[in-house]
Amino acid sequence: MMYFSRLKTWLILGACLIGAVLCLPNLAPAPVPWLPWRTVHLGLDLRGGSYLLLEVDMKAVIKERLDGLVDAVRQALRPGSIFYAALDAQPDQNRVLLKLRNAAQTDTAVAALRPLIAKEGPTNAPDMSITSTPDGQILLTLEPVALKARAEGAVQQSIEIVRRRIDETGVVDPQITQQGDNRIVVQLPGIGDPERIKQLLGETAHMTFQLVDESANANTPGGVPPPGDAFLSMQNDPHEKIAVRKRVDVDGGDLTDARAGTNPQTGEWVVNFTFNSVGARRFADVTRANVNHRFAIVLDDKVISAPVIREPITGGRGQISGSFTASSATDLAVLLRAGALPAPLTVVEQRSVGPELGADSIRAGAISLAVGFVLVIAFMGMFYGLFGWFANLALVVNLVLMLAIMSVLQATLTLPGMAGILLTLGMAVDANILINERIREESRNGRPPLSALEAGFTRAYSTIFDSNATAFLAHVMLFVFGSGPVRGFAVTITVGIATSLFTAWMLTRLLVSKWYASRRPQLLPV
Amino acid sequence: MFMRPKIRLVRDGTRIQFMRGRFMGLIVSAILSTASVVLFFYPGLNLGIDFAGGVVMEVRTPGPADFGAIRAALTAEHVSTQGVQRFGDASEVLIRLGAQPGEKETQAEVTKVKVALDQAVPGSKLLRTDAVGASVSAELFRNGLLALGISLLMILVYIWFRFEWQFAVGAVVTLILDVTKAIGFLALTRIQFDLVMVAAILTVLGYSTNDKVVVYDRVRENLRKYKTMPLRELIDQSINETLNRTLGTSMTVFLASLPLALFGGESISGFAWVMLFGIVVGTSSSIFIAAPILLFLGENRLRRDAAAVAAPKARAETPKAAGPS
């Protein structure tokens with residue numbers, strides 16, 4: 001137990017040395033770019049910044065899919081003159097219900113609808129099932145697997161769009177990750193007040209170009225829109241409504257660019273946009289066929305403006321005007337460039353810390369850490385003498401090793417994490433207390449020094465292991481179930497328990513054994 | 001000067017008859033824990049926004065804060081607050097809003113508060129904004145309880161594997177009593193109960209288990225060593241022998257937590273106070289609760305068990321039966 005081979009000695013000292021080297025990246029920037037320069041990250045609570053938890057509205061994703069399906073059904077049934085009494089999306093049951101006027105046409109209708117089934121995913125499973133009853137009722141039910149794939153796709157796409165929108169704002173080093181099935185974590189270092197970003201993320205920004213139905217009056221109270229129309233309100237005046245054809249002529253997804261600018265004649269703020277080839281062709285076709293009619297530019301079910309088409313627009317370029325300010329025109333341009341979200345996002349959790357408060361927290365944490373460290377070291381020195389100082393040396397190495405492992409893991413240091421480091425230091429010396437007490441006891445029972453040391457380290461081992469194992473388990477649970485800064489706490493404690501086992505059990509034993517070998521004392525200073 | 005220890009916490013050869021106070025210890029503990037349970041229901045825990053949902057905003061105003069103006073502006077924006085109070089020095093204001101029914105409403109409130117602040121105190125700075133919606137807070141609460149529950153279960157299983165069942169039951173009953181007292185402490189001091197507090201309670205749990213393991217390990221060792229000594233005497237001797245360890249290990253963690261409570265700042269000092277309380281409770285419960293429970297449960301069985309089982313067990317488990325310290 002008290003004998004260390006030369007190899008073992010060098011291995012232990014080598015581990016300490018490697019630990020010290022791995023801490024270096026935290027002190028200075030990388031001298032050459034190819035070095036793996038891994039550091040501990042400061043949590044947002046310490047450096048200042050915002051944490052936003054966004055939820056993707058899955059109901060909207062399903063509803064949109066079903067609405068699309070309703071449209072497709074309508075198109076599919078038109079050529080065969082199959083008439084129906086009802087055609088409804090039922091989002092709660094993930095299905096579309098179709099009721100035919102003539103039950104005898106059921107088989108024909110099902111045959112006409114069959115091409116709508118698409119193959120989804122790697123397994124090529126059909127994405128929906130079509131069932132019918134003899135009385136002419138047909139159900140198109142989306143398969144759970146297909147729904148899941150669609151939801152997954154929606155979240156992935158949302159993450160991409162969120163990333164693009166945030167990049168447009170110039171935030172440095174944002175982190176955007178998926179959490180669970182339908183949530184997105186957005187971390188914005190340095191942004192203590194994320195109001196503008198929340199605004200940008202709060203809009204789906206789905207822009208469409210639809211024709212205005214000039215024959216319908218949308219502003220009669222209690223009026224019902226004619227089939228194929230929708231009454232949408234104007235963006236700058238929610239009370240004024242306008243009748244718009246449901247058919248989308250050109251989709252905002254076909255935009256390649258959008259920039260805010262001013263109209264040279266009027267001086268008012270506008271957004272200039274450019275279509276890709278598909279969009280440009282469609283835009284040209286529609287405007288050519290509808291000269292002197294009104295064309296609505298719709299954003300998230302609100303009409304920005306509905307100008308009259310003066311002449312066909314064939315260049316694939318256009319301009320949106322509609323009482324913009326400089327900032328609202330810029331924001332719209334950002335949203336259009338970044339693309340539409342597949343579903344609305346809601347902020348379900350926000351944690352923002354300004355840089356001032358972060359600096360305060362770092363100071364408070366550092367002071368506590370320093371004072372606590374000194375107190376623990378003084379205690380060990382006073383109560384355990386030389387062996388206490390061995391423990392203190394091991395404690396310093398423990399701190400270095402903790403920092404090294406956290407650097408390699410690129411773990412995040414939070415304020416609770418700093419508290420965790422301090423607590424770990426307090427608990428790390430506990431192992432030394434157990435060892436020293438045991439050595440003392442064995443020595444008083446009349447064992448000669450070397451034998452007392454042997455017995456002390458050997459017999460203390462199981463107690464040290466048992467007590468650390470339970471603490472380790474408890475904090476692993478905290479990491480699994482915790483979130484945010486508390487996870488940082490769990491990480492520092494679990495790492496600290498592991499390193500303290502090494503320093504208390506290996507390093508102090510090595511120190512004591514070398515000390516004994518050089519001095520050969522008749523009496524142990526315990 | 002670095003050689004010999006300067007001080008000892010407890011003199012060698014101390015023989016305190018702790019088990020004499022076993023009924024006293026259990027009664028006091030039962031009273032405290034019952035009171036804690038009562039406090040848990042009335043007035044209840046002061047749930048932080050992690051678990052209750054809502055909004056907390058910390059603002060720094062250019063000069064000393066004008067609370068009247070801020071309150072008036074908030075009322076004008078139809079924001080109903082749960083409190084507008086001083087936080088730290090005179091220029092810092094803490095605004096607390098209750099939980100809103102929906103996620104969108106919660107975010108809308110944040111915007112309204114900002115508008116009100118810009119009107120009432122131009123130039124004020126937002127130091128911190130925490131907004132937690134109802135669904136998230138419910139999840140966080142559930143996960144916090146899960147972490148606590150599963151940890152307790154794992155500790156039970158672990159101790160059960162390593163010791164006889166009487167030890168495991170004694171440890172877990174004691175831990176539950178410790179946790180209830182920590183909850184009572186939280187209810188009494190009105191310290192906000194949030195995720196960080198769950199971390200504190202878990203740390204106290206893990207730490208308090210350490211203490212029990214130290215005492216129990218020694219009891220187990222002595223059971224093998226003194227085959228005929230009455231259990232009561234044996235437990236007393238075990239506690240006395242490990243007293244320096246129990247107190248010493250508690251002292252170090254206490255010393256580490258103390259600066260956090262004093263200088264750690266508002267958000268971490270609550271955590272540290274719970275730690276300090278938990279250390280005191282955990283240390284005393286190792287002696288006055290965990291040991292007496294072991295005495296009651298093991299009075300007849302453990303003695304006979306140990307005599308019959310200890311010898312073969314010790315051989316079978318050589319690596320881990322190395323013994324306590």
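Biologist: What distance separates the centres of domain 2 of chain A and domain 3 of chain A?

Modeller: In this predicted model, the two centres, taken over C-alpha atoms, are separated by 30 Å. The assignment gives domain 2 as residues 60–147 and domain 3 as residues 202–351, while domain 1 combines 6–48 with 354–519.

Biologist: How do you know that chain A departs from a compact globule?

Modeller: Its radius of gyration is 35 Å, whereas a compact globule of 526 residues would have one near 24 Å. Along the principal axes, the C-alpha trace spans about 110 × 65 × 45 Å.

Biologist: Why is A:Gly426 called buried?

Modeller: The cut-off for a buried residue is 20 or more other C-beta atoms within 10 Å. A:Gly426 has 28 such atoms within 10 Å and is therefore buried. The residue lies in helix α10 (residues 415–444) of chain A.

Biologist: Which residues are in contact with A:Gly426, leaving aside neighbours within four places in sequence?

Modeller: From chain A there is A:Val376, and from chain B there are B:Thr252, B:Val253, B:Leu255 and B:Ala256. Contact requires C-beta atoms within 7 Å. A:Leu375 lies 51 residues from A:Gly426 in sequence, with a C-alpha to C-alpha distance of 9.5 Å.

Biologist: What makes strand β20 of chain A and β4(B) a pair?

Modeller: Pairing requires at least two bridges. Strand β20 (residues 345–353) of chain A and β4(B) are joined over five bridges in the antiparallel sense, so the criterion is met. One of the residues involved is A:Gln350, whose bridge partner in β4(B) is B:Ala131.

Biologist: How many residues of each chain take part in the contact between chain A and chain B?

Modeller: Contact involves 70 residues of chain B and 70 residues of chain A. Elements of chain B that each supply at least two residues to this side include α4 (103–120), β4 (125–132) and α5 (134–162). By class, the side of chain B that touches chain A has 36 nonpolar, 21 polar and 13 charged residues.

Biologist: Which residues have the most contacts inside the largest nonpolar core?

Modeller: They are A:Leu336, A:Val376, B:Ile201 and B:Val274, in a core of 237 residues. Helix α9 (residues 355–408) of chain A gives the most to this core, with 24 residues. Not counting residues up to four places away in sequence, B:Val274 touches several others, among them B:Phe185, B:Met197 and B:Ile201.

Note on methods:
Residues are numbered from 1 along each chain as its sequence is written. Chains are lettered from A and ligands numbered from 1 in the order in which they are written. This is a predicted model: local features need pLDDT of at least 70, side-chain atom pairs count only at pLDDT 80 or more; totals for chains, interfaces and linings use all residues. The radius of gyration is taken over C-alpha atoms; the globule rule is 2.2 Å times the number of residues to the power 0.38. Two residues are in contact if their C-beta atoms, placed from the backbone, lie within 7 Å. Helices (H or I, at least four residues) and strands (E, at least two) are DSSP runs, numbered from the N terminus. Ala, Val, Leu, Ile, Met, Phe, Trp, Tyr, Cys and Pro count as nonpolar, Asp, Glu, Lys and Arg as charged, and the others, Gly among them, as polar. A nonpolar core is a set of buried Ala, Val, Leu, Ile, Met, Phe, Trp, Tyr and Cys residues joined through C-beta atoms within 7 Å. A residue is buried if 20 or more other C-beta atoms lie within 10 Å of its own, exposed if 12 or fewer, and partly exposed in between; C-beta atoms are placed from the backbone. Domain bounds come from an automatic or database domain assignment.
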